[in-house]
Amino acid sequence: MITMHYLQCISCGNRYEPDEIVYRCSCGSILEAVIDLDGAKNIFDGNNMSVWKYQPFLPVRRRASLNEGGTPLYPAENLKRDIGYRRLYVKNEGENPTCSFKDRGMTVGVSKAMELGMKKVACASTGNTSASLAAYSAHAALSCYVMIPSGKIALGKLAQAIVYGAKVIPIKGNFDQALEAVMEASRRFNIYLLNSINPYRLEGQKTIAYEIFDQLQEVPDRIILPVGNAGNISAIWKGFKELKAAGFIDRLPVMTGIQAQGSMPMVRMFAEELSELIPEASPETVATAIRIGNPVSWQKAINAVRESGGLMESVTDDEILAAQRTLASREGIFVEPASASSVAGLLKLQGQGAIDEDETTVLVTTGHGLKDPNVVIDSIQIMDPVDGDMDTMRTLVGE
Ligand code: F0G
């Protein structure tokens, strides 16, 4: 089945055909895929979840898949008791094939690259996008180039990109400079760009919304997630809006985006009610995945937050690291620092009285904790080795 669609500029409404390789409108704004939802069947039956379960809503014909999606939605029993919530869930995207939500976007984006007959793909990345693109392009036998901010990506992510066979190109500067470089290189050298400015990436990522609805069989009141380049919050919002447009749901969740305090251009934009994003020149945070000063999808993201009656909030690095420990030690869910900002954001907003404990809330945790082991190891001191005799053991286990 072929899903009918076209690409449309979110600012001027200009349309582009699906076989055109285009990432920005001639007016300079960004594009999104408009899907024909006429006659769409309600396939949200709570069973057999995966990205490709939702193929009737995905605008690609080919399929480069590593069995992505179908991630657990954990009821956070201990955490919700600790903080007095009634319905709190963790959608753990770290349980995807390369251990982040990026796989949902890449399965669709790389499928589109194959459909277009492209032989080379590329992205700029703070780590996870490059790991994911490297895996999917290996699977699809495409050449892969990833531009990373030199010295600022977590070790696990770098190891993934290397072992999947990508050409890793460190760029002097931060993610924003790497993105500029890869956008220009893609234009000049016939390479398919797979950053989230590519609307097909977000088509894959919108399945997070589909899956949450499929798993809960209702619409949550609030979604809380980290915001970096601002693609994912836009994608999830699009997913929910499509469910509503197709008549499967009758209300929408409130979108709540969290940024790190050292890297929060979207939070400023929201707080100061700006109509244009003011980029941050030197973003800095322990959550390297979201160390981004000039998010490419800011327009889509601010629309998602404003239309949904949502919020943008910032959290400090200390709050992020504490939340990472809390989620791991109370729920058994180990996420990377960027993902822990969802939990830190929830705690901060609750402390401010800005959100309500009666809401059904879903925290999206975007990447696995093992991606960035150093952030944990460097912050602790393991005790000196002891003899394994039972006197010592008795003391240590508290008998
Ligand atoms: N969480 C994690 C673990 C991420 O890797 C990212 C983005 C985000 C959240 C933010 O999502 O950009 O859609 O707002 N990582 C990108 C990368 C930028 O290159 O891996 P976003």
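**Reading cavities, cores and domains in a predicted model**

Author: The largest cavity holds about 320 Å³ of space. The model under discussion is a predicted one.

Reader: How many cavities of 30 Å³ or more does a search of the whole structure find?

Author: Three cavities reach that volume. For the largest, 29 residues form the lining, and those closest to its centre are Phe101, Lys102, Gly228, Asn229 and Ala289.

Reader: Which helices each supply at least two residues of this lining?

Author: They are H3, H6 (199-205), H8 (231-245) and H12 (337-351). Helix H8 provides the largest share, three residues. By chemical class, the lining consists of eleven nonpolar, 15 polar and three charged residues.

Reader: Into which domains is the protein chain divided?

Author: Domain 1 comprises 73-99 and 201-378, and domain 2 comprises 101-198. Their C-alpha centres lie 23 Å apart, and the contact takes 33 residues from domain 1 and 30 residues from domain 2. The lining of the largest cavity draws at least three residues from each of these domains.

Reader: What is the volume of the largest pocket, and which residues lie closest to its centre?

Author: The largest pocket contains about 240 Å³ of space. Its lining has 15 residues, with Glu32, Ser234, Trp237, Lys238 and Lys241 closest to the centre. Strand E3, helix H8 and helix H10 (298-307) each give two or more residues to this lining; H8 gives the most, with five. The pocket lining divides into seven nonpolar, two polar and six charged residues.

Reader: How should one read a nonpolar core?

Author: In soluble globular proteins, nonpolar side chains tend to be buried together. In this structure, the largest nonpolar core has 49 residues, of which Val110, Val121, Leu133, Val182 and Tyr192 touch the most other members. Among the elements that each supply at least two residues of this core are strand E1 (5-9), helix H2 (102-115), helix H3 (128-139) and helix H5 (175-189). Apart from this core lies another, of 41 residues, including Phe57, Val227, Met266 and Val362.

Reader: Which residues does Val110 contact, leaving aside its neighbours within four places in sequence?

Author: Val110 is then in contact with Ala64, Leu133, Tyr136, Ala140, Leu142 and Leu194.

Reader: Why does Leu311 count as partly exposed?

Author: Residues under 20% relative accessible area are buried and those over 50% are exposed, with partly exposed in between. Leu311 counts as partly exposed because its relative accessibility is 23%. Leu311 belongs to strand E12 (residues 311-315). Leaving out residues up to four places away in sequence, Leu311 touches several residues, among them Arg222, Met255, Phe270, Leu349 and Ile355. Thr288 stands 23 residues apart from Leu311 along the chain, and their C-alpha atoms are separated by 22 Å.

Reader: How should one read a positive phi?

Author: Most residues other than glycine have a negative phi. Asn67 has a positive phi, near 65°, and lies in the loop between E3 and strand E4 (73-75). Glu273 also has a positive phi, of about 50°, although it is not a glycine. Glu273 is placed in the loop between helix H9 (265-271) and H10.

Reader: Are Asn67 and Glu273 buried or exposed?

Author: Asn67 counts as exposed because its relative accessibility is 70%. Glu273 is likewise exposed, at a relative accessible area of 69%.

Definitions and conventions: Residues are numbered from 1 along each chain as its sequence is written. This is a predicted model: local features need pLDDT of at least 70, side-chain atom pairs count only at pLDDT 80 or more; totals for chains, interfaces and linings use all residues. Side-chain values use heavy atoms; hydrogens and water are left out. A nonpolar core is a set of buried Ala, Val, Leu, Ile, Met, Phe, Trp, Tyr and Cys residues joined through side-chain atoms within 4.5 Å. Buried means under 20% relative accessible area, exposed over 50%, partly exposed in between (1.4 Å probe, protein chains only). Helices (H or I, at least four residues) and strands (E, at least two) are DSSP runs, numbered from the N terminus. Contact means heavy atoms within 4.5 Å. On a 1 Å grid over the protein atoms alone, a cavity is a set of points where a 1.4 Å probe fits but cannot get out, and a pocket is an open set with protein on both sides within 12 Å along at least five of seven lines; lining residues have an atom within 4 Å of a point. Grid points are joined across faces, edges and corners, and a volume is the space filled by probe spheres set on the points. Ala, Val, Leu, Ile, Met, Phe, Trp, Tyr, Cys and Pro count as nonpolar, Asp, Glu, Lys and Arg as charged, and the others, Gly among them, as polar. Domain bounds come from an automatic or database domain assignment.
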